Amino acid sequence: MFARLNTSRNRSFLLEILMIVVGINIALWFEGWFEDLKDAETEQQYLAGLRDDLLDDVRLLDDVIASNSAKMQRLEEIIANLSGLRSADAEQQLAAMFVPSSYYFFEPADFTYRSMQESGDFRLLSDAETKKRLLQLVRKYRLIGTLQDNFMQALDDGYIPLLMSSADLAEQRMSDPGVFDDPLFRNFFAFTYQDTEMRVAAYGSARDMARELVTVIEEQIRD
């Protein structure tokens, strides 16, 4: 009789343990399901943010390419007439002097990407191709940033001091017309043209990459 009672108690005890285990597993499953659902919704928000940022980048890159292409055309005209600048009027001289030091740079709209990186949510991008393309584009942006920084450094180290020592900005005239025979001055026009041409090529490549990535992302965004 006691053996039957013990057996019944053991079965009841085992059943209670089984119910607890099953209950815990169900709770964990629901928690995991809810987290997956929340992650999927967050991913959609990030995808929409990335798309919007990239569309802003494409628009800005279009403007930057157009502006720098126009600068290259102006540089070509000046380079072809460098020997005549010394005898040109003051207005033409000053206009030519300021062309190398003018610039229109690109700064990416990377708020969404930086937010994902800082929060650790980059892992939420489920599509490997999207991650790969995005990282490639970020590397391209960094290259563009380096090119722009190098050009600014060249201006600060070489051309700006030459400009400031040769032009009287208050009087709007050249204080040292001999600068037009200075090899550094003359060579900087050619350097600026080559540097701008290289950056325009990088801008164009980045724009194409951004456009392609927008297409990939839009295929994943739910309406």
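Is Arg 51 buried, exposed or partly exposed, and what is its relative accessible area? Arg 51 comes out as partly exposed because its relative accessible area is 22%, and the cut-off for buried is under 20%. Keep in mind that this is a predicted model, so each value here is computed from predicted coordinates. Arg 51 pairs up with Asp 52 in a salt bridge, with 3.3 Å from N to O. Asp 52 is partly exposed too, since its relative accessible area is 37%.

Let's step back to the whole chain before going further into the details. The secondary structure adds up to five helices and two strands, and walking along the sequence you meet them in the order α-α-α-α-β-β-α. Of the 223 residues, 35% are buried. The chain exposes about 13,500 Å², and 55% of that comes from carbon and sulfur atoms. If you take the contacts between residues at least 6 apart in sequence, 83% of them join residues at least 24 apart.

Now back to charges. Side chains of opposite charge can pair when their charged atoms come close. With the cut-off at 4 Å between a side-chain nitrogen of Lys or Arg and a carboxyl oxygen of Asp or Glu, the count comes to 12 salt bridges. One of them is formed by Asp 62 and Arg 211, whose closest N and O atoms are 3.6 Å apart. Asp 62 sits in helix α1 (residues 2-80) and Arg 211 in helix α5 (residues 183-218), so this pair ties together parts that are 149 residues apart in sequence. Asp 62 counts as partly exposed because its relative accessibility is 28%, and Arg 211 gets the label partly exposed with 40%. There is also a network here: salt bridges link Asp 62, Arg 207 and Arg 211.

Another salt bridge to click on is the one between Arg 86 and Asp 181, at 2.8 Å from N to O. This pair links distant parts of the chain, with Arg 86 in the loop between α1 and α2, Asp 181 in the loop between β2 and α5, and the two positions 95 residues apart. Arg 86 has a relative accessible area of 44%, so it is partly exposed; Asp 181, with 49%, is partly exposed as well.

What about a charged residue without such a partner? Look at Asp 121, in the loop between α3 (111-119) and α4 (128-166). Asp 121 is buried yet has no salt bridge, and the nearest side chain of opposite charge, that of Arg 123, is 4.3 Å away. The salt-bridge rule asks for a distance within 4 Å, so the 4.3 Å to Arg 123 does not qualify. Asp 121 does have a polar contact, though: its side chain and that of Tyr 46 are joined at 2.7 Å. Leaving out residues up to four places away in sequence, Asp 121 touches Tyr 46 and Met 116.

Helix α4 is a good next stop, and Thr 130 is found there. Thr 130 is buried because its relative accessible area is 1%. Its side chain makes a polar contact of 2.6 Å with the side chain of Gln 220. Gln 220 also turns up among the residues that Thr 130 touches, together with Leu 125, Leu 213, Val 216 and Ile 217, if residues up to four places away in sequence are not counted.

Ser 165 is in helix α4 as well. The side chain of Ser 165 reaches the backbone oxygen of Leu 162 at 3.1 Å. Ser 165 and Asp 176 are 11 residues apart along the chain, and 7.8 Å separates their C-alpha atoms. Gln 172 lies in the loop between β1 (167-168) and β2 (173-174). Most residues other than glycine have a negative phi. Gln 172 has a positive phi of about 55° although it is not a glycine.

Let's finish on the surface. Phe 98, Met 164 and Leu 169 make a nonpolar surface patch of about 270 Å². Phe 98 belongs to helix α2 (residues 90-98), and its 35% relative accessibility is why it counts as partly exposed.

How values were computed
Residues numbered from 1 in each chain as written. Predicted model: local features only at pLDDT ≥ 70, side-chain atom pairs only at ≥ 80, totals over all residues. Heavy atoms only, no water. Helix = DSSP H or I, 4+ residues; strand = E, 2+ residues; numbered from the N terminus. Buried < 20%, exposed > 50% of the residue type's maximum accessible area, 1.4 Å probe, protein only. Lys, Arg positive; Asp, Glu negative; His and termini not counted. Polar contact = N/O pair within 3.5 Å; in protein donor to acceptor, adjacent residues only side chain to side chain. Contact = heavy atoms within 4.5 Å. Patch = residues over 30% accessible without salt bridge, like charges linked within 9 Å, V, L, I, M, F, W, Y side chains within 5 Å. Areas by Shrake-Rupley, 256 points an atom, 1.4 Å probe, with all protein chains shown as cover.
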